[in-house]
Amino acid sequence: MALFDVVRSLGRAGLFSLSVLRASKPTADFFRELIREIYKIGARSLPIIAVGGAFVGLSVTLLGYRALDTYGAANQVSAMLGLGLYRELGPVLTALLFIGRAGSSIAAELGLMRATDQITALGLMAIDPVGKAVAPRFWAAVLCVPLLTGFFCSLAISASYFESVHVIGLEPGIFWQVLKDSVDFFDDFLMAFVKSAVFGGTAALVAAYVGYHAEPTIEGTSVATTQAVVNASLLVLMFNFVMSAFLFK
């Protein structure tokens, strides 16, 4: 029975994802909702992304310097930072922060809409609830997470530059040259945004699916929010491994 329940849940999630894509029609109302969701889950996530990116850059720089200085390669700290950020840390940590900040919000909002019969009311008014409440959130996440990843990486590199040059004492020209030579535009830089778009879509779909099908109670909403954060985080980590194995040779 457990296996049957898992297969049934996967099938329902797949059908729900198809319904989101089918409901994504470029109408004026859709774009109004999309812009509103971009502000809610994108712009409002900037502070936590900025703080997180800065401290990740500081931590990785300090760790890398201590490790590389043992072998006389302290000047390569920016190479380690750049490759680590664009290939793994940037997309993954941005997605995890996004899930905690915006994914939980999506699940909670849809869960409350279910508990207060707003989703049922939309159906009674001949308005597709998936197209009205889910599709704009999904596409807002697909658009915002890559942008947030770029912001995260920019803050991390800026913090790393400050620590490397003004605290550790590395040459600024060497820092930027090593970073430029180590990070490839197509294989590293662009792939970070591809991964981020996948992670954003995954996070939004999981949060929307769990919230949309939550039990119509306050307790059901809280359970759905917890499930959304946990499931989306695990899926992001799993997809990151799979994509890294195929994208980076």
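**Annotation first**

UniProt positions are given here in the numbering used for this chain, and the annotations may be inferred rather than shown by experiment. I kept that in mind when I opened the entry, and also that this is a predicted model. The UniProt record, an unreviewed entry, puts "transmembrane region" on residues 46-65, 138-162, 189-212 and 224-248.

I looked up two of those spans in the model. Residues 189-212 come out as 100% helix and 0% strand, with 35 Å between the end C-alpha atoms. For residues 224-248 I got 96% helix and 0% strand, and the end C-alpha atoms are 35 Å apart.

**Surface patch**

Next I went looking for nonpolar side chains on the outside. Met238, Phe241, Val242 and Phe246 make a nonpolar surface patch of about 460 Å². I picked out Phe246, which is in helix H9, residues 218-247. Is Phe246 buried or exposed? Its relative accessible area is 62%, so I logged Phe246 as exposed.

**Core**

Then I turned to the inside. The largest nonpolar core has 56 residues, and Leu85, Phe98 and Val134 touch the most other members. Which helix gives the most to this core? I found that helix H6, residues 129-168, does, with 14 residues.

I followed up on Val134. Not counting neighbours within four places in sequence, Val134 is in contact with Phe16, Val20, Leu110, Pro129, Ala208 and Tyr212.

**Odd backbone angles**

I checked phi next. Most residues other than glycine have a negative phi. Two entries made my list.

- Asp117 has a positive phi of about 65 degrees, and it is not a glycine. I found Asp117 in the loop between helix H4 (77-115) and helix H5 (118-124). Asp117 is partly exposed, at 48% relative accessible area.
- Ala126 has a positive phi of about 60 degrees, again without being a glycine. Ala126 is in the loop between H5 and H6. With a relative accessible area of 72%, Ala126 is exposed.

**A look at Asn75**

I stopped at another loop residue. Asn75 is found in the loop between helix H3 (46-69) and H4, and I noted it as partly exposed at 37% relative accessible area. Asn75 touches Leu170, Ile174 and Val178, leaving out residues up to four places away in sequence. I also took the C-alpha to C-alpha distance to Val60: 14 Å in space, for 15 residues apart in sequence.

**Salt bridges**

Side chains of opposite charge can pair when their charged atoms come close. How many salt bridges does the count come to? I got ten, using the rule of a Lys or Arg side-chain nitrogen within 4 Å of an Asp or Glu carboxyl oxygen.

I started from Asp29. Its side chain meets that of Arg32 in a salt bridge, 3.5 Å from N to O. Both residues lie in helix H2 (residues 28-42), three residues apart, which is about one turn of the helix. Asp29 is partly exposed, with a relative accessible area of 29%.

Asp29 also forms a salt bridge with Lys132, side chain to side chain, at 3.4 Å from N to O. What does this pair tie together? Lys132 lies in helix H6 and Asp29 in helix H2, so the bridge ties together parts that are 103 residues apart in sequence. I logged Lys132 as partly exposed, at 27% relative accessibility.

When I traced the connections, Asp29, Arg32, Glu33, Arg36 and Lys132 turned out to be linked in a network of salt bridges.

My last pair was Lys40 and Glu37, whose side chains meet in a salt bridge at 3.5 Å, N to O. They are three residues apart in helix H2, so about one helical turn separates them. How do the two partners score for accessibility? Lys40 is partly exposed, with a relative accessible area of 22%, while Glu37 counts as buried at 2%. Since the buried class means under 20% relative accessible area, Lys40 at 22% stays out of it.

Terms used
Residues numbered from 1 in each chain as written. Predicted model: local features only at pLDDT ≥ 70, side-chain atom pairs only at ≥ 80, totals over all residues. Heavy atoms only, no water. Patch = residues over 30% accessible without salt bridge, like charges linked within 9 Å, V, L, I, M, F, W, Y side chains within 5 Å. Areas by Shrake-Rupley, 256 points an atom, 1.4 Å probe, with all protein chains shown as cover. Helix = DSSP H or I, 4+ residues; strand = E, 2+ residues; numbered from the N terminus. Buried < 20%, exposed > 50% of the residue type's maximum accessible area, 1.4 Å probe, protein only. Core = buried A, V, L, I, M, F, W, Y, C linked by side-chain atoms within 4.5 Å. Contact = heavy atoms within 4.5 Å.
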